[in-house]
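User: I'd like to learn how to read a protein model, one feature at a time. Can you walk me through this one?

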Amino acid sequence: MLAIDIGANGAIVISGRLDAAQCPVAQSFLDGVDGVVVLDCRGLEYVSRAGLGVLLNTQKRLTTSAGKLRLIGVN
């Protein structure tokens, strides 16, 4: 199961498993953010190849509009 939401400090907090089954939920959420995005990955237990694709697509989209994707708490 995947949980993704905006934390108290403004960072996006993601936890659980970012696998192929959860990618549409994550992509839909991340498609709605812009600018400099901080993604807190401390609670992330697993990231599949498809999950990495979601993060890469988000990073590419943000970069084209002068934004950034910053990952924190990566294990």
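**Reading the fold, step by step**

Analyst: Sure. Keep in mind that this is a predicted model. Start with the order of elements: from the N terminus, the protein runs β-β-α-β-α-β. That comes to 2 helices and 4 strands.

User: How do I judge how compact the protein is, and what is its radius of gyration?

Analyst: You compare the radius of gyration with what the globule rule gives for that length. Here the radius is 11 Å, close to the 11 Å the rule gives for 75 residues, so the protein is as compact as a globular protein of that length. Along the principal axes, the C-alpha atoms fill a box of roughly 30 × 25 × 20 Å.

User: What share of the contacts between residues at least 6 apart join residues at least 24 apart in sequence?

Analyst: Contacts tell you which parts of the chain meet. In this protein, 70% of the contacts between residues at least 6 apart join residues at least 24 apart.

User: What about inside versus outside: how much of the protein counts as buried?

Analyst: Here you look at the relative accessible area, and buried means under 20%. Of the 75 residues, 36% count as buried. On the outside, the protein exposes about 4500 Å², with carbon and sulfur atoms supplying 55% of that.

User: Which residues touch the most other members of the largest nonpolar core?

Analyst: For a core, ask who is in it and which elements they come from. This one has 17 residues, and I12, I14, L18, L30 and L39 touch the most other members. At least two core residues come from each of β1 (2-6), β2 (12-18), α1 (23-30), β3 (36-47) and α2 (49-64). The largest share, 4 residues, is from β3.

User: Let's zoom in on I14. What is I14 in contact with, beyond its neighbours within four places?

Analyst: Setting those neighbours aside, I14 touches L2, A3 and I4, and also L39, D40, C41, G43 and L44.

User: And G51, is that glycine buried or exposed?

Analyst: G51 sits in helix α2. Its relative accessible area is 0%, so G51 is buried. Beyond its neighbours within four places in sequence, G51 is in contact with L18 and C23. Distance in sequence and distance in space are separate readings: G51 and V36 are 15 residues apart in sequence and 20 Å apart in space, C-alpha to C-alpha.

User: Last one: how many charged side chains are there of each sign?

Analyst: Count each sign, then see where the two sets are centred. The protein has 7 positive and 6 negative side chains, and the centres of these sets lie 10 Å apart.

Notes
Residues numbered from 1 in each chain as written. Predicted model: local features only at pLDDT ≥ 70, side-chain atom pairs only at ≥ 80, totals over all residues. Heavy atoms only, no water. Rg over C-alpha atoms; globule rule 2.2 N^0.38 Å. Buried < 20%, exposed > 50% of the residue type's maximum accessible area, 1.4 Å probe, protein only. Contact = heavy atoms within 4.5 Å. Areas by Shrake-Rupley, 256 points an atom, 1.4 Å probe, with all protein chains shown as cover. Lys, Arg positive; Asp, Glu negative; His and termini not counted. Charge placed at Lys NZ, Arg CZ, Asp CG, Glu CD. Core = buried A, V, L, I, M, F, W, Y, C linked by side-chain atoms within 4.5 Å.
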